[in-house]
Amino acid sequence: MHKKKLFVANWKMNMTTQESLAWCVTHKNELQKSSSQIVICPSFTALARAGEIFKDTGIAVGAQSCCEHEKGPFTGQIAAQDLAEIGCSYVIAGHSEERALGVTNEIVARKMVTILKAGMTPIVCIGEPQTIYDAKTTTNFLTKQLAPLLAVTDQGAALCIAYEPLWAIGSGIMPSLETLKTIFALLHKKAPKATLLYGGSVNKENIASLQSIPYINGFLVGGASLNFDEFNLIIS
Ligand code: PGA
């Protein structure tokens, strides 16, 4: 488990390489002042240069995905080892936007293995759709989603697990604090050695109350990480 709080900026496909690098150069000094562990996840094309910009700053760079295979005839895919070589230390695996394109839980588990083998930390995303939440079967759903992921690690050691309810991503709404307390207690019970993150509509207004929830060790921030002033308020 990470000792410092972890703040992961998932920029998705929102900025070009030039825009991403300009962001990194402009805000590097300010970001460095944070006592938390910051991970910036730009698009693949910006990763190598973002890694150079943040070299020796303590700010980490992460990829938004990788291939589940180590190498071979997989046109258009990117290997975990390749990402490690250019300075990535984290890789997001199984974000719901990736799962929506057909990436199954078993594929996510395989991605996790290749990421670990390449010496990086997987940030594995789990979360239920609205229908499951409405049917009050979230804990059952998450238990099933976690099973193949936890089968390959010792109680979640070396993993970051990001709980992101699908209906909370980019929507401005999120579960109640009471619901989150129950879910994070469950996740901690299932994966006591994992670093547990919350993601889905995190912003400068709700971050203080989210920080009070036991077992949340960090946050995966999408939209609110694009604007530096907002992200800086979140991390501080
Ligand atoms: P959001 O995205 O913060 O914009 O809701 C979070 C995510 O998709 O990881």
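## A walk from the ligand into the barrel

A backbone N or O atom of G223 sits 2.8 Å from an oxygen atom of the ligand. That is a handy place to start looking around this model, which is a predicted one. The ligand has 13 residues around it, and the closest of them are K12, H95, E164, G170 and S201. Two of these names come back when you look at the ligand's oxygen atoms. In the side chain of H95, an N or O atom is 2.7 Å from an oxygen atom of the ligand. With S201, the contact is made by the backbone: one of its polar backbone atoms is 2.8 Å from a ligand oxygen.

Let's stay with S201 for a moment. You'll find S201 in the loop that runs between strand β7 and helix α9 (207-211). Is S201 buried or exposed? Its relative accessible area is 16%, and the cut-off for buried is under 20%, so S201 counts as buried. Setting aside residues up to four places away in sequence, S201 touches A168, I169, G170, S171, G172, I173, M174 and N206. One of these neighbours is also reached by a polar contact: the side chain of S201 comes to 3.4 Å from the backbone nitrogen of S171.

Now step back along the chain from that loop into β7 itself. How many of the residues of strand β7 are buried? Five of the five, covering residues 195-199, so this strand is largely enclosed by the rest of the structure. In a regular strand, side chains alternate between the two faces of the sheet. Here, T195, L197 and G199 are on one side of β7, L196 and Y198 are on the other, and all of them are buried, so both faces are covered.

What does β7 pair with? On one side there is strand β6 (residues 160-163), which pairs with β7 in the parallel sense over four bridges. Among the partners, C160 is matched with T195 of β7, and Y163 is matched with Y198. To get from β6 to β7, the chain goes through helix α8 (residues 177-190), and this β-α-β crossover is right-handed. β7 also pairs with strand β8 (residues 218-221), again in the parallel sense, this time over three bridges. One pair to look for there is L197 with its bridge partner G218 in β8.

Zoom out, and these pairings turn out to belong to a bigger picture. Eight strands close into a barrel, in the order β1-β2-β3-β4-β5-β6-β7-β8, with parallel pairing. On average, neighbouring strands of this sheet are turned by 25 degrees against each other, direction ignored. Helix α7 (residues 138-150) lies across β5 (121-126) and β6, and runs at about 150 degrees to β5.

Finally, have a look at two loop residues. Most residues other than glycine have a negative phi. D56, though, has a phi near 65 degrees, a positive value in a residue that is not glycine. D56 is in the loop between α2 (44-53) and β3 (60-63), and at 74% relative accessibility it counts as exposed. K136 also has a positive phi, near 60 degrees, and is likewise not a glycine. You'll find K136 in the loop between α6 (130-134) and α7, where it is exposed, with a relative accessible area of 74%.

Notes
Residues numbered from 1 in each chain as written. Predicted model: local features only at pLDDT ≥ 70, side-chain atom pairs only at ≥ 80, totals over all residues. Heavy atoms only, no water. Buried < 20%, exposed > 50% of the residue type's maximum accessible area, 1.4 Å probe, protein only. Pairing = 2+ DSSP bridges. Right-handed = clockwise from strand over helix to strand, strands pointing away. Axes fitted to C-alpha atoms, helices over the stretch in contact; angles between N-to-C directions. Contact = heavy atoms within 4.5 Å. Near = heavy atom within 4 Å. Polar contact = N/O pair within 3.5 Å; in protein donor to acceptor, adjacent residues only side chain to side chain.
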